[in-house]
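Got your viewer open? Let's take a walk through this one, selecting a piece at a time.

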Amino acid sequence: MDDFTAEQSTATRLRHATAMLSSEGPSSVDLAPYPELIYLDWTDYCNASCFFCPRSFNEYEKQIGGKGEFVPFAKLKKLERVLSSVKYFGISSSIGEPLLHPELQQILQWLYEINPKITIRATTNGTALTAEKAAWFAGHLDWLSVSLNAGNGEAHMRDMFPQLAARGIDAGKRWELHLRHIGEFIAALPAADRPRIRLNMIAYRHNTKDIVDFVRVVERVGCLHATISNIVVHPHIVDWSLYGVRDLYNEAVDKACELGARLGIRVDAPRFYTSIKPVMLDLEKACREPINVAYINRAKFSAPCCQWTEEVIAQDVYSDDEGFDRYWNQDVFRRLRQKRDSQSCRVCNLTRVFDETSFHFSAYLKKQLIASGQLSDKHSKSDYPEQQLVRVCVESRLDLPSIRHTLLRLNVPVEMAEQIESLGVAALPALEQACWDAFKTIDVPAEGNDICLAAPFLGIGWGPPIHDPVNKVSARWIGGAQAASIFVRVQPGLDCMMCLTIAYPTELERRLQVQVCGRPIETWFSRDEAGRAMIGAFVPADLMSTHDGRLWVRVACLDADGAPAAGLLSLARVSLSQETKIVVPLERLLAEKDALLGQQALRVRQLEQLFAEHAASLEQQLVRATKLEQLLAEKDLRASELERLLAEQGVLGSQLEQALAEKGVLRAEKDVLLEQQVPPSVEQPEQQVSECKSQIGGKILQVTDDSQSPKVTAPRRNMMTWLRR
Ligand SMILES: C[S@@+](CC[C@H](N)C(=O)[O-])C[C@H]1O[C@@H](n2cnc3c(N)ncnc32)[C@H](O)[C@@H]1O
Ligand code: SF4
């Protein structure tokens with residue numbers, strides 16, 4: 001779209017650019033690093049005629065007197081140097097269908113050869129996609145966005161291929177074939193590439209009702225990601241903008257996102273009354289266009305960024321191998337890399353948000369809309385008159401789209417919501433009361449009592465919706481007041497059991513209190529098979545008939561003092577089941593039993609955990625006991641060896657003892673013998689010694705002849721002892 005703006009440049013701009021092109025190029029020493037992303041707009045040819053596309057409403061083919069053209073592969077080869085270094089290659093045409101390039105397969109093969117890590121980003125109308133082409137992209141996809149733009153065959157043909165309708169082609173059959181080809185393309189991709197495909201739908205005033213069907217189609221073709229973008233209107237369709245149907249569009253988006261989450265599909269769709277304009281913008285972070293991103297088109301002139309409003313830049317990238325370097329290093333690029341201070345930067349709409357009129361139509365068309373009364377006068381002063389109210393709502397965790405939906409449905413003046421701007425959550429009680437008063441008067445049917453809180457419903461005080469396609473959960477936060485209401489009508493004659501499902505467990509789940517028509521209701525807490533907390537309650541029979549089945553259900557998370565509790569809680573749904581008088585008490589019994597069983601199951605789980613812990617410690621003890629036993633056995637073995645050794649020693653000992661005893665006997669005998677041979681007196685020592693000498697067979701005994709001395713006996717005894725040994 002932005003290159004299209006460039007196409008419309010004035011003759012002055014062209015002259016300026018031509019002059020730049022003829023100036024001398026930069027020297028190779030100070031060339032800027034190559035970008036990491038190149039968008040290459042290589043065609044103005046297209047097989048579709050989308051009513052919203054400038055190619056159609058500007059009658060482009062008539063203007064150029066032809067169908068459009070493609071930059072041939074031979075010319076693209078001049079970009080080899082830069083393309084072999086980039087990370088991403090963006091195939092996107094401003095007014096053409098890029099995947100219809102007749103040399104696409106060869107170009108992609110060449111790209112993968114010169115840059116094996118390159119990944120592709122592509123926006124396509126999808127008509128060229130088939131199962132065979134999946135191999136062309138396999139392993140090289142960053143993302144591929146298919147502009148399907150419709151939820152059914154009629155809308156697809158009407159909005160994108162009116163020329164085929166004029167030829168009498170069957171819209172339904174064509175649609176089926178188109179979806180089959182897209183589905184086969186996705187299925188033939190490697191599993192890792194499939195989530196990189198997304199289907200886009202342009203939403204405008206007259207197709208918001210198709211948004212939910214579009215999500216179903218996304219699921220049908222096996223895609224996991226749906227995106228909804230807004231139409232940017234042109235003078236022929238000035239009142240087709242979503243801006244005129246903001247609440248209707250928001251409702252459709254809420255339904256689509258809820259369905260998407262249930263189907264496991266991510267749905268990216270902006271909503272009105274939710275955007276916050278950034279106060280400060282860090283341009284260096286927010287915009288990397290002239291530094292990391294380069295735009296190249298098929299023409300001789302280009303722009304350094306997608307918001308360029310100044311003279312176009314001369315571009316001669318296909319003539320020789322240095323062409324891109326010359327283009328990328330022109331003065332304007334160099335200046336922008338040093339400082340983003342150009343006129344375009346100053347008016348750049350980088351901070352522009354979805355809620356601003358300029359996101360949907362030009363300032364010129366806005367004036368037309370105000371003049372024709374289709375846009376209120378307050379828009380003449382501001383592009384976003386609700387900005388402050390939305391900011392307060394977001395800061396107070398209140399979802400303004402949901403509040404507006406309730407007020408509009410109940411015919412309560414929607415301006416009442418503006419009180420939130422000055423009062424914050426303190427404005428809610430008056431809003432709730434006004435809604436309840438209105439609800440009591442309108443004739444809503446008693447149906448739809450399974451309320452999915454992420455989708456539109458009647459209620460006040462709720463925060464933004466949450467959509468979690470991975471876990472297939474949709475829910476809504478309770479708003480910043482920690483209290484929120486639902487207005488619902490049931491059959492007055494029947495008993496009613498209410499069940500509130502909490503989306504994600506939090507510390508607040510047991511703090512939830514329920515009131516019906518101002519009366520506190522006794523609740524019980526249980527969990528479903530998925531572990532989600534459920535709050536059950538019976539609505540007293542008298543309350544069912546007081547307002548002819550109309551109920552004001554109010555939930556609140558309060559602390560022990562009755563003040564709003566700190567924390568967050570989200571509810572997935574509120575179900576009200578009604579049966580005859582016999583069934584409901586039975587259901588209550590069942591519910592209580594379920595709750596009891598749930599508690600018991602929890603106790604069993606706790607006990608199991610305890611057992612498991614005990615078993616683990618017992619096992620450890622067993623291991624230690626076995627080790628001890630092993631040690632004991634080893635000890636026993638050593639002890640018995642010792643015993644055996646001791647026993648052997650004992651035998652030896654007794655043998656020794658015996659030998660000693662025998663020796664002793666011998667000695668005793670010897671002693672006796674010696675005693676007998678020793679004379680009773682020592683009067684004749686010399687004689688006795690000589691006698692002894694003769695008796696002991698020549699053994700020389702040294703004895704003293706000092707036998708009179710009292711010491712005589714000791715040496716002698718010594719000698720006897722010595723002899724005994
Ligand atoms: C111009 S197309 C080029 C690629 C391809 N032919 C296609 O349609 O996907 C780029 C994107 O701009 C979208 N587009 C075209 N005109 C638009 C408009 N007036 N408002 C919003 N989006 C528009 C198209 O739907 C497409 O997703
Ligand atoms: S398919 Fe793309 S380029 Fe072709 S007319 Fe539609 S929007 Fe324009």
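Here is a tour of the whole chain, two ligand sites, a helix and a hairpin.

**The whole chain.** Keep in mind that this is a predicted model. Start with everything shown as cartoon: the protein chain has 725 residues, and 32% of them are buried. You'll be looking at 27 helices and 22 strands. Turn on contacts between residues at least 6 apart in sequence, and 74% of those join residues at least 24 apart.

**Ligand 1.** Now select ligand 1 and the residues around it. There are 19 of them, and Phe52, Cys53, Asn125, Ser147 and Val232 are the closest. Colour the shell by class and you get 10 polar, eight nonpolar and one charged residue. Which strands each supply at least two residues of this shell? Highlight 119-124, which is strand S3, and 197-203, which is strand S5.

**Ligand 2.** Hop over to ligand 2, which has 13 residues around it. Coming nearest are Cys46, Ala48, Cys50, Cys53 and Asn125. Cys53 and Asn125 should ring a bell, since both are listed among the closest residues to ligand 1 too. By class, the shell of ligand 2 has two charged, five polar and six nonpolar residues.

**Helix H11.** Next, select residues 171-188. Try a distance between the end C-alpha atoms of helix H11: they sit 26 Å apart, which agrees with the 26 Å that 18 residues should span at 1.5 Å a residue. Show side chains for His178, Ile182, Phe185 and Ile186, the buried residues of H11. These cover an arc of only 100° around the axis, so they lie on the same side of H11. Why does that spacing work? An α-helix has 3.6 residues a turn, so residues three or four places apart point the same way.

What covers that buried side? Add helix H8 (134-137), strand S4 (141-147) and S5, which are among the elements covering the buried residues. Then spin H11 around: the face turned away carries the exposed residues Gly172, Lys173, Glu176, Leu177 and Ala187.

**The S13–S14 hairpin.** Last stop: select 462-468 for strand S13, which pairs with S14 in the antiparallel sense over five bridges. Put Trp462 and Ile478 in sticks to see them opposite each other. Four residues lie between the two strands of this hairpin, and Lys472 in the turn has a positive phi of about 55°. Is S14 (473-478) mostly covered or mostly open? Mostly covered: five of its six residues are buried.

Terms used. Residues are numbered from 1 along each chain as its sequence is written. Chains are lettered from A and ligands numbered from 1 in the order in which they are written. This is a predicted model: local features need pLDDT of at least 70, side-chain atom pairs count only at pLDDT 80 or more; totals for chains, interfaces and linings use all residues. A residue is near a molecule or strand if its C-beta atom, placed from the backbone, lies within 6 Å of it. Ala, Val, Leu, Ile, Met, Phe, Trp, Tyr, Cys and Pro count as nonpolar, Asp, Glu, Lys and Arg as charged, and the others, Gly among them, as polar. A residue is buried if 20 or more other C-beta atoms lie within 10 Å of its own, exposed if 12 or fewer, and partly exposed in between; C-beta atoms are placed from the backbone. Two residues are in contact if their C-beta atoms, placed from the backbone, lie within 7 Å. The expected span of a helix is 1.5 Å times one less than its number of residues. The arc is that of the directions from the helix axis to the C-beta atoms. Two strands pair if DSSP finds at least two bridges between them.
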